[in-house]
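Biologist: Please take one part of this model and go through it closely, starting at the surface and then moving inward. I would like to know what surrounds that part and how it fits into the whole.

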Amino acid sequence: MPQWDHFPSAGLATFLTLHDIHQATTEFTPPPNGHTTQHLPHAQNESPDTPVRRLIQDTRNKGYETICLPLTTEKWKERWEGMCLLPSSPIKEEPESADVDTKKKEIARAAELWRARPCFLPDEALQQELAYASYLSIHTVILPAPRNRSHVASYARIINNCLKNTPYLYLSVRLPIYNPTILHQAQAHTGSGLGLAVSPASTPALIVSPDPSTPSQSTQNGISPESEMNATWEMWDVIRSICDYNTRLTLTLDLTPPLPSKLGVLSKWAAESVRYIFLPASTFIANTKGYPVLPKPTQSFIRDSMIHRPTVILAEVTSDKHSRGGEAAYSQYIKFLEKTSAVVRNAQKEGTVEHFAQGYQDYLQAPLQPLMDNLQSITYQTFEQDPVKYERYEEAIFRALMEWPVEGRIVCCVAGAGRGPLVARCLNAVQRSGKEVFVYAVEKNPNAYVTLQQRKDREWGDKIKLLFGDMRSLDIPEPADILVSELLGSFGDNELSPECLDGAQRFLKPTGISIPSSYTSHLAPLSSSKLYNEARASKNAVESLETPYVVMFQAVNILSEDKLGCGAKIQECWEFEHPRRDGVMATVVVDERGLPLTNNHNVRSARLRFWIPHAGVLHGLAGYFEAVLYGNIGLSIHPHRKDQISKDMLSWFPLFFPFKEPLYLPSNSELQVSIWRLTNERQVWYEWHAESFLTVPLAPPGVKSDSDGTPTSGAQGQGWAASSPLSVPSPLADDDGFFSSSTTAGGNGGGASGSTGGEGSTIGTRRGSSSSGIRTPGRVNRSVTLPHVFGGGGVGGGASAGAGGGFEVVKIGHTSLHNPGGRSSWIGL
């Protein structure tokens, strides 16, 4: 299989039909007697002894690594359809002869008696096919999509049963990437006949979309294109949820339908277990020279899908749909898309995070415990491979020295020297500046201190003085002008930089500076079935799902987007500043050594609101940090700013806060995330929680309710009830701080009134405004009618707002509180 310079690559497969097998059987000539193929790997060059083996050999010669072919014949399917399927509603046809009618009755009676057996199961046909696949040592069976949306739960239940009965077989559900009109959303048969109506468990049939120029039924019925785009993903979500996220259940995406020009709504597939991509020749178009190429949206989607290393199944490529290129042109084009995808280019380019992190994508790593554990040399070596971080530090120190306002000797202290890379960069900056500087280096790891002593003897000499001990309790000979430290974690403060620098700041003169001077933590809601499965794979799933992990994200989807009134796609939680300038430290009680008696001043909390434009499942939170070293020099792993601040920095991957229960979020919903950084005398830990909300139209004037709350007015009220089901108002209606502003729509389309926060106001005050470090929301009215929350009239549209008097926010779900009291994960002081 071709590789990305020794990295895993996508695969190519061809789709064979029963017609292809029949044609190969007709043209097949068996080898002479005595020259049959031995069924051993070393005998692959022998003459094939069956038509299917001949097909396999031919596909290998064409460069395919895998073939996809039917398991059964048409006769098999007809037999099972006759034995398992009940007839649908009776259809009036022309009278048949008595003999034909009698024969049909006998067949129907035999089938009914067979179905009445105590051992009969509705998935028996599928079980037999899977048993045959196992007999043939086939590793994956691709199943057809459900034919009826109302039967998806039954479909998923059967798949779940098959996964339990075939422990070594992978099952992959083939779904079109969108467009539910091809899934025959008919109502289930509700006749009084006995038995079960089961869709035929047969070989996957080619799923063909209707003509895109023809208006779909959903469009004619007024359903939004967003709902149509989400329909098949929501079916997949039901299937994999009922199957409890089984790792042997994967997804085959059918790209037969033409893709939209904007792929935002399809980004959710990045977070799913896409193993195969089905790509028929009919999806290709001819370029000016007649060769097959894909439309630009499909090109972009396949390039983005290379994060999954999928196998692309090419179908109908021998049907001469395009005038030039032949069958080989399709596979060559797919390989071209793979080579030009960003994920492949970055993986091949040295110096990039993607190249450095090969093998660590979506791999969960426990954060470091820098105060409890002494790091190993290999850990230091890994971090020291990052040239960007140390270049940024050197530039920050150099700039600070050049802008130092006082002439004379400058004292610099490196707190947490490790094996010495920061010391070396500090000395480089001193040499560049030409200033008179003396450097102290503090390190508590006795093993790393040995390395520092060796480097002092060989490289640094009398330019520095080494000090062994914990920076929180150690004293240095003289106060420092500049304090340099590299104690940051993936979330900024998750490796106890605030607690460490509380002690180290005793070294600083009142006019001294710290590098870094501040750092902020950031969050975003994330979907990833792979990370969710990885987090719960531990023997103690509860503890594992309450532990933050360092992860190089790849197969993930950030669910939020920027929205005025809700906030940014990725939002800031809190900030730590060193030395703290807001006067809080002046009120902190310290002991005789200048150390705080408690750690309460490092407690933080944040409550963030995110807009979810497209339906998805919340599996966790993505955590990032951004640090200001000095002036405008900084470090960042924030996805939107890292390339401008510290491009290709390798030292930190993001932090993943998992949720124990996946939380479904519909389109145009809001997510409120609460997170706390808490502490006691021995530990620091995080707790997190999420709630989801949706705006729905208020009842139109004149609609009354029964005692149970059901609208009971006339035709107008009934129509409203059918389109906008009532929900229980959110308990947060009593929480002034949840809403940044509040308005009430005037009757007959009148203007808004009663606004207190303004459309652009945000949930939290500016950082540093609270002495406790806790973000507190602004005060607003208690009204929950928020027509502007989602823009454009909200979910129900502007017209409904004018007629119905606005919208109300209803709570639709929440998670449990994770890691209460630090019961599962904490960082030791």
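Modeller: In this predicted model, Tyr135 belongs to helix H5, which covers residues 124–135. Tyr135 is exposed, because its relative accessible area is 65%, and together with Tyr132 and Leu136 it forms a nonpolar patch on the surface, the three having about 360 Å² of accessible area together. That is the surface starting point; the part I would examine closely is strand E20, made of residues 616–630.

Of the 15 residues in E20, 14 are buried, so the strand is largely enclosed by the rest of the structure. Its strand partners can be taken in turn. With strand E15 (residues 518–527), E20 pairs in the antiparallel sense over nine bridges, and within the E20 strand Glu626 stands opposite Thr520. Strand E22 (residues 655–665) also runs antiparallel to E20, the two being joined by seven bridges, and here Gly616 has Leu665 of E22 standing opposite. A further antiparallel pairing, over four bridges, links E20 to strand E21, residues 633–636, where Val628 stands opposite Gly634. E20 and E21 form a hairpin, with two residues between the strands, and Gly631 in that turn has a positive phi of about 60 degrees.

Beyond its pairings, E20 also takes part in the nonpolar interior. The largest nonpolar core has 170 residues, and those with the most contacts inside it are Ile159, Leu171, Leu314, Ile334 and Ile482. To this core E20 gives the most, with nine residues. As an example of the packing around one of the core residues, Ile334 touches Leu12, Leu279, Phe284, Leu294, Ile302, Val312 and Leu314, when residues up to four places away in sequence are not counted. Apart from this core lies another, of eight residues, which include Phe15, Cys68, Ile142 and Phe278.

For the wider setting, the protein has 22 helices and 28 strands, and buried residues make up 52% of its 829 residues. Among contacts in the protein with a separation of 6 or more, 81% are between residues 24 or more positions apart. The surface that the protein exposes comes to about 39000 Å², of which carbon and sulfur atoms supply 53%. Against that background, E20 can be summed up as a strand with 14 of its 15 residues buried, antiparallel to E15, to E22 and to E21.

Notes:
Residues numbered from 1 in each chain as written. Predicted model: local features only at pLDDT ≥ 70, side-chain atom pairs only at ≥ 80, totals over all residues. Heavy atoms only, no water. Patch = residues over 30% accessible without salt bridge, like charges linked within 9 Å, V, L, I, M, F, W, Y side chains within 5 Å. Areas by Shrake-Rupley, 256 points an atom, 1.4 Å probe, with all protein chains shown as cover. Salt bridge = Lys/Arg side-chain N within 4 Å of Asp/Glu carboxyl O. Buried < 20%, exposed > 50% of the residue type's maximum accessible area, 1.4 Å probe, protein only. Pairing = 2+ DSSP bridges. Contact = heavy atoms within 4.5 Å. Core = buried A, V, L, I, M, F, W, Y, C linked by side-chain atoms within 4.5 Å.
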